[in-house]
Amino acid sequence: MALCDPPGAASPPRPPLSAQELSQEVKAFLSGLDPVQGTPLSPPAHARCALRLLRCLPPARHAALQHLRGLFDEQVCQHLLQRESPAPGPAPKATPGAEVLQEARRALAELVAANPRAWAPGVAAWASELMGQLSSKYANRPGVPPAASLNELLQLWMACPATRALLDIYSQCLAAMVGSCPDACVDALLDTSVQHSPHFDWVVAHVGSSFPGTIISRVLSCGLKDFCAHGGAEAAGTAGDKRVPKIASVVGILGHLASRHAGSIKQELLRMFHESLGSPREHHKATVPFLLQLALMSPALLAAVSPELVDSLKPPVLNQLHQHFSSVPRDELEGVVGVVVHLLCHTSAGALRTLRFLLATAAPASVITAPGPALHEGVREACERLLQLLLLHLQKLVHSRSSASLAECPARPVPFLEALRPHVRELCQDTLRLERRRCLWQHQLLALLAVHSAPHGAAEALFYLLALARTPEELALAPQLHAGLRAVLPDPLPAAVAAAVAQIHAGRLPEPQLAQLLRNLSLLLQPRGDDGEPGDAALGAALARHLPDLAQLLLHPRAEVAEAACRLLAACPLPRALPPAHLLPAVRAAVRGFFAGLRRGDAAALAPGVRLLARLSAVSPAAAKAVLAQLVEGALGGHNAELFGGSADPPGPEAAPAPPPVSLLDTNQCFTAGLTTAGGVWSVFHAGVIGRGLKPHAGLGQRSPEELNRNTQTFLSLLLRCCRGSGPAEAAKAVAAALVEAVCPEAAGAELAWPPEELARATVERDLRILRRFRQHPLLFPLLRLVAGGHPALCYCSVLLRGLLAGLVAHWDACRDPSTGASPWHLRASCALVALLAEGSLLPPVLGNMHELFPELAPFEVHLLLLSVWGYLRENSPLPQKFTFQPELGVFRRDFGRDGDLSKHLAVLHAVLHRNIHRLGLLAARFYP
Amino acid sequence: MSDIRHSLLRRDALSAAKEVLYHLDIYFSSQLQNSPLPLVDKGPTDLLEEFLFQVPKERGAPPKRLTPLQELQLLEIMCNYFQEQTKDSVRQVIFSSLFSPQGNKADDSRMALLGKLVSMAVAVCRVPVLECAAFWLQRTPAVFCVRLARALVDDYCNLVPGSIQTLKQIFTASPRFCCQFITSVTALYDLSSDELIPPSDLLELIVSWIFEDPRLILITFLNTPIAANLPMGFLELTPLTGLIRWCVKAPLAYTRKKKASLSNGHPPSKIAKDSASGEDRDCHQLYSKLHLSVLQVLMMLQGHLTEKNLYGRLGLVPFDHVVPLVEDINRLSDELNPLNASKEIELALDRLAQALQVAMASGALLCTRDDLRTVCSRLPHNNLLQLVISGPVQQPTHGALPPGFYPHIHTPPLGYPALPAHPVQTFIPGVAFPYRPIR
């Protein structure tokens with residue numbers, strides 16, 4: 001008897017039951033009693049009975065399936081109970097119920113596999129309906145996650161053998177039918193979905209991820225149908241409520257699928273959109289609102305679709321769209337526009353593209369349209385309107401937020417603006433194109449973006465506007481934006497400048513742009529207009545804070561940048577209390593920049609450098625001192641000497657120019673460049689060291705005297721300008737100190753008082769070095785003259801003067817030539833020295849005039865005269881104390897009358913004069929006071 | 001009746017249905033006792049529709065549905081009832097009142113329930129139900145018969161693999177039902193499209209039945225008192241026409257099906273191809289066998305016709321049905337011509353010629369050779385057919401007719417009346433079953 005089979009006995013393919021047996025089975029199934037013993041059947045036995053009927057008695061299949069519902073229900077219930085029980089025992093043994101369940105699953109699988117066309121639709125409907133019932137029934141059990149959390153729900157039900165089996169059965173049915181016509185299966189699923197909506201979503205989601213193509217389009221068209229059925233009721237609100245679950249479950253399902261099948265969903269949505277255009281059918285009319293509604297409810301879908309959608313909106317499509325909506329009543333249209341604006345605000349993927357599209361459509365760049373169908377004027381207007389509304393809406397969002405942020409409310413991000421944040425640069429670039437109306441909108445948007453993402457975003461926007469502007473008109477945008485922002489935000493300018501500096505440091509700006517930025521900044525700092533209204537003070541202050549950083553740019557290898565930096569710094573107002581740490585690097589850089597400019601020989605380019613140095617020196621006396629010292633040091637040291645006709649010190653090995661990157665290999669490969677030398681390959685040329693290139697030329701005296709002169713003049717005038725900052729005396733003193741430091745550092749702290757002539761022997765070496773330095777640096781004399789002009793200052797150079805004098809004395813002493821003309825430099829130096837001493841009021845006028853005689857004298861006479869100068873100085877040491885300040889003149893003066901008798905120092909002079917009276921008579925009057 | 005209705009309204013669907021059956025039984029039993037020809041009035045029919053077929057009486061009332069389980073219970077009850085009802089007449093009346101189509105919206109559920117009941121009866125071998133069904137098939141417009149046939153074929157050929165054996169067994173239980181079943185199945189599967197090619201299981205079943213006893217085909221014909229004028233829209237007396245159609249059209253229809261599946265873009269995989277061609281070969285053999293049986297039955301027919309004194313008066317293979325058959329073959333062979341289906345066309349035409357010849361000779365087909373010539377003129381050339389159409393006139397074996405003449409030449413077949421008279425189905429003598437055929 002079939003009923004008495006042990007439950008586990010695998011049924012071999014048995015012969016079909018006889019009619020007798022079958023009617024017994026039916027009886028047993030219906031009554032639930034064992035036909036032999038008359039005892040009630042156990043549930044598993046009953047279920048097996050149902051399975052047998054399912055296999056053998058076609059008309060009983062619905063009844064059997066219905067009976068099996070109970071089995072699955074019971075199993076689900078048990079599973080949930082087991083889950084809830086606090087102490088899960090050892091792995092639950094396979095209960096008879098569970099075994100029967102698996103048997104049922106297998107039986108159904110076999111049937112479906114044997115004849116999918118006959119079984120799959122029915123079984124699929126049964127399985128999906130049962131799943132729907134079960135998931136609704138147990139939805140409110142404690143421990144069952146809420147319908148909203150799809151993934152947890154999915155986990156729960158997939159862990160339950162009964163529902164898992166049902167899902168498998170359903171999937172098998174669908175898989176069997178998917179090739180031919182899955183409609184019946186899918187419709188069953190969706191019908192159940194409609195009935196048990198939120199609780200059943202897990203099934204649709206799971207099935208959907210297994211059969212994305214089929215399910216996605218089905219779910220969408222089902223949702224659309226529902227939307228059409230309730231279409232237009234949206235505004236009514238009350239009627240709309242009923243629909244929410246349906247579209248919500250569409251959104252939920254698609255949302256679940258979006259993670260893995262975004263591509264298919266996107267395609268399907270786009271397909272729907274394009275299909276709906278130009279179609280007069282009713283449900284196609286509703287497609288666009290439906291899609292909008294979907295997007296409204298699911299940011300994921302919106303993100304998936306919007307970029308490609310925008311790409312596909314070509315003129316023909318837009319025209320169709322326009323036509324599509326032209327028949328829609330006005331208030332409905334308003335609703336759609338509102339939704340679109342809202343969605344735009346929430347678009348994040350492809351926000352920039354969307355924006356550009358809107359701008360381009362609302363205000364076409366050119367009147368000449370692209371080939372192809374022309375855009376309808378209405379489309380343009382609509383886009384313009386959208387754009388304006390969008391800006392309005394964004395403004396509302398942004399400003400309500402900023403006021404809320406005062407109340408410590410969590411900031412509500414605006415996805416559209418968030419997404420644009422990384423594209424500030426592009427946005428600024430677009431804005432700077434100044435394309436008619438677009439520019440206004442872009443500017444407005446930029447302001448909103450800046451406010452939204454303040455403080456960082458505001459600074460960034462300003463920075464880009466500053467960096468990317470090329471013309472004054474473009475540059476005007478930045479102050480406009482700034483003015484707008486200042487009204488709502490703390491001043492973003494310092495941050496913008498800081499951002500700029502950071503960008504510069506990071507080397508993120510290409511050089512031409514960097515130069516442009518610097519030029520732009522300096523332009524903004526320039527006094528505006530004719531009335532000399534000062535430039536942007538706030539900008540100046542902000543820039544001044546980054547003085548050292550900007551100063552570094554003075555040394556930029558690219559001349560353009562260095563020059564722009566120079567202009568900027570020159571225009572930048574410098575604070576009075578500049579810390580030395582900021583000041584000194586700036587000064588150093590400025591000086592080096594100046595010399596570099598001088599070296600290039602571009603007089604016009606020098607002007608900003610000069611101005612900058614002058615300004616720097618005007619900051620404070622200390623600054624002036626620093627500037628002067630640096631200038632002097634720079635002029636005398638290193639390679640700059642040659643600018644003024646001097647010769648550089650013989651370079652030490654460390655000062656040797658870095659070997660240029662010469663590759664011997666490369667050189668050797670240039671066959672034609674090789675010299676054909678007489679001595680053969682092994683000839684040695686004393687031209688340099690292999691690998692280091694040519695030996696540098698020792699003297700580069702190619703500069704013409706005019707050039708040297710001009711350089712000297714430039715330098716001196718700069719020095720003078722810089723001296724203006726402090727008093728002339730102070731400045732001169734600074735120059736003096738710098739000179740001593742530069743020429744003879746070891747004597748820097750030496751005694752000012754003049755030693756006896758004999759002592760000069762102790763310092764012969766130093767004196768010689770000083771002499772040599774003077775020979776090397778023709779600039780020293782003009783410099784000293786400058787020092788001499790600021791009266792007591794020359795005293796501080798006494799060690800130099802002493803050394804020079806001693807050296808000259810020694811020279812003339814040793815000179816055996818008949819005329820001083822034989823040693824021209826020494827003659828010039830002697831003359832210059834005496835003139836200097838006179839100008840610096842270290843020698844009284846009579847003595848100071850004696851240099852006029854020197855060219856006419858013999859060397860020994862010059863020697864004698866110089867010795868007399870020494871004598872005078874020995875007696876009247878060149879000390880600053882000897883000078884008194886004369887307030888009425890504002891200068892220091894030396895009163896020689898207070899010194900001792902002058903006549904004894906004049907004796908030699910007069911004797912020489914007498915001896916050469918035939919030639920020097922003309923001059924005699926100058927030496928008799 | 002209305003008091004019964006009120007009491008039924010209070011019950012649940014199943015017990016109400018049971019009650020209706022009970023009341024119906026009482027009602028008809030008493031009626032039959034009073035008069036041999038019970039008048040079925042509207043009362044019981046309405047009750048049936050409301051409580052058995054769940055057609056709501058009041059507009060908008062929610063339909064009370066039987067659950068599948070209850071339905072199965074009901075089926076079992078009905079099976080048992082018919083089994084236990086000893087009076088043939090009561091059984092017939094009740095079956096007829098239950099399942100005769102009424103031309104209203106209850107017909108759908110009526111047909112569904114009938115399909116399940118017969119299917120169930122087949123499975124559990126309830127001969128009385130099958131007998132009733134056989135008569136029902138005789139008296140019901142063909143459209144409904146075809147539905148029943150489809151339900152059974154679905155159940156036993158498509159749904160449950162192997163259950164065709166169950167169906168096979170009823171050959172011994174109720175040959176009459178088998179005969180009617182074959183007739184309805186041939187009406188259903190007319191090979192006019194790929195879907196209407198009989199499933200191979202079904203084909204095999206029918207061939208095995210007929211091969212076992214070719215007389216099965218004639219059971220209905222032999223056991224039914226025949227009025228010469230057959231009503232339109234009902235199943236034919238024998239499945240002969242349908243079977244001839246099968247045999248003749250099969251070679252072409254199978255070729256067309258193969259072509260369609262090829263041109264559908266999925267060339268069948270090798271295994272599928274092999275199995276399909278193997279199956280096709282089996283089918284061809286089955287059709288050959290069937291053809292032979294059909295010819296044998298046709299040969300037999302002459303005697304039976306003579307016996308019943310219907311020779312030359314009753315065209316069991318109506319000429320009206322031959323015309324569309326020939327047209328179909330013509331169309332199909334045109335369709336298939338480019339596909340080198342000459343062998344299949346030849347086979348089809350051979351079979352057609354044989355069937356025509358034998359049918360004409362046995363008096364099953366009543367027509368002149370001229371008629372045939374006109375009909376077959378557009379067919380592709382076939383030697384045998386040519387012979388049949390124009391061949392030497394066969395000496396009739398029928399003594400009643402002068403040699404060289406076919407009976408119909410002198411006595412044209414009785415034309416069908418424009419409005420068929422009330423069909424005379426007198427298997428229970430004197431009892432005419434009331435029904436309203438649907439046009």
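Start by selecting A:Gln886 and A:Val891: in strand S4 of chain A, A:Val891 is the bridge partner of A:Gln886. The model on screen is a predicted one.

**The hairpin in chain A**

Extend the selection to strand S3 (residues 883–886) of chain A, which runs antiparallel to S4(A) and is joined to it by 4 bridges. Between the two strands of this hairpin lie 4 residues. Pick A:Gly890 there; its phi is positive, near 80°.

Now show the side chains of S4(A), residues 891–894. In a regular strand, side chains alternate between the two faces of the sheet. Here A:Phe892 and A:Arg894 make up the covered face of S4(A), while A:Val891 and A:Arg893 make up the uncovered one. A:Val891 thus appears twice on this stop: as the partner of A:Gln886 and on the uncovered face of S4(A).

**Helix H31 of chain A**

Next select residues 603–619 of chain A, helix H31. Its 17 residues should span 24 Å at 1.5 Å a residue, and the end C-alpha atoms are 25 Å apart, which agrees.

Colour the buried residues of H31(A): A:Leu606, A:Pro608, A:Gly609, A:Val610, A:Leu612, A:Leu613, A:Arg615, A:Leu616, A:Ser617 and A:Val619. To see what covers them, add helices H29 (559–571), H30 (580–600), H32 and H34 (705–723) of chain A, which are among the covering elements.

Is A:Ala618, in the same helix H31(A), buried or exposed? A:Ala618 is partly exposed, because 18 other C-beta atoms lie within 10 Å, and a residue needs 20 or more to count as buried. Draw a distance from A:Ala618 to A:Arg721: the C-alpha atoms are 9.3 Å apart, although 103 residues separate the two in sequence.

**H31 against H32**

Keep H31(A) and bring up helix H32 (residues 621–636) of chain A. The two helices pack with their axes 5 Å apart, at an angle of about 140°. That angle makes H31(A) oblique to H32(A), since only angles over 145 degrees count as roughly antiparallel.

Which residues meet at this contact of H31(A) and H32(A)? From H31(A) come A:Leu613, A:Leu616, A:Ser617 and A:Val619; from H32(A) come A:Ala623, A:Ala624 and A:Val627. They divide into 6 nonpolar, 1 polar and no charged. The four from H31(A) also appear in the list of buried residues of that helix.

**Zooming out**

Show chain A as a whole. Its secondary structure is 43 helices and 4 strands. Of its 929 residues, 41% count as buried. Among contacts in chain A between residues at least 6 apart in sequence, 75% join residues at least 24 apart.

Switch to chain B, which has 19 helices and 0 strands. Chain B has 439 residues, of which 44% count as buried. For contacts in chain B between residues at least 6 apart in sequence, the share joining residues at least 24 apart is 81%.

**Where the chains touch**

Finally, display both chains and select the contact between them: 25 residues of chain B and 20 residues of chain A take part. On chain B, the elements giving two or more residues to this side are H4 (68–84), H6 (107–124), H8 (142–159) and H9 (164–173). H4(B) supplies the largest share, 7 residues. Colour the chain B side by residue class to find 12 nonpolar, 8 polar and 5 charged residues.

Notes
Residues numbered from 1 in each chain as written. Chains lettered and ligands numbered in written order. Predicted model: local features only at pLDDT ≥ 70, side-chain atom pairs only at ≥ 80, totals over all residues. Buried ≥ 20, exposed ≤ 12 C-beta atoms within 10 Å, placed from the backbone. Contact = placed C-beta atoms within 7 Å. Nonpolar A, V, L, I, M, F, W, Y, C, P; charged D, E, K, R; others polar. Pairing = 2+ DSSP bridges. Axes fitted to C-alpha atoms, helices over the stretch in contact; angles between N-to-C directions. Parallel < 35°, antiparallel > 145°, perpendicular 65-115°, else oblique. Expected span 1.5 Å × (residues − 1).
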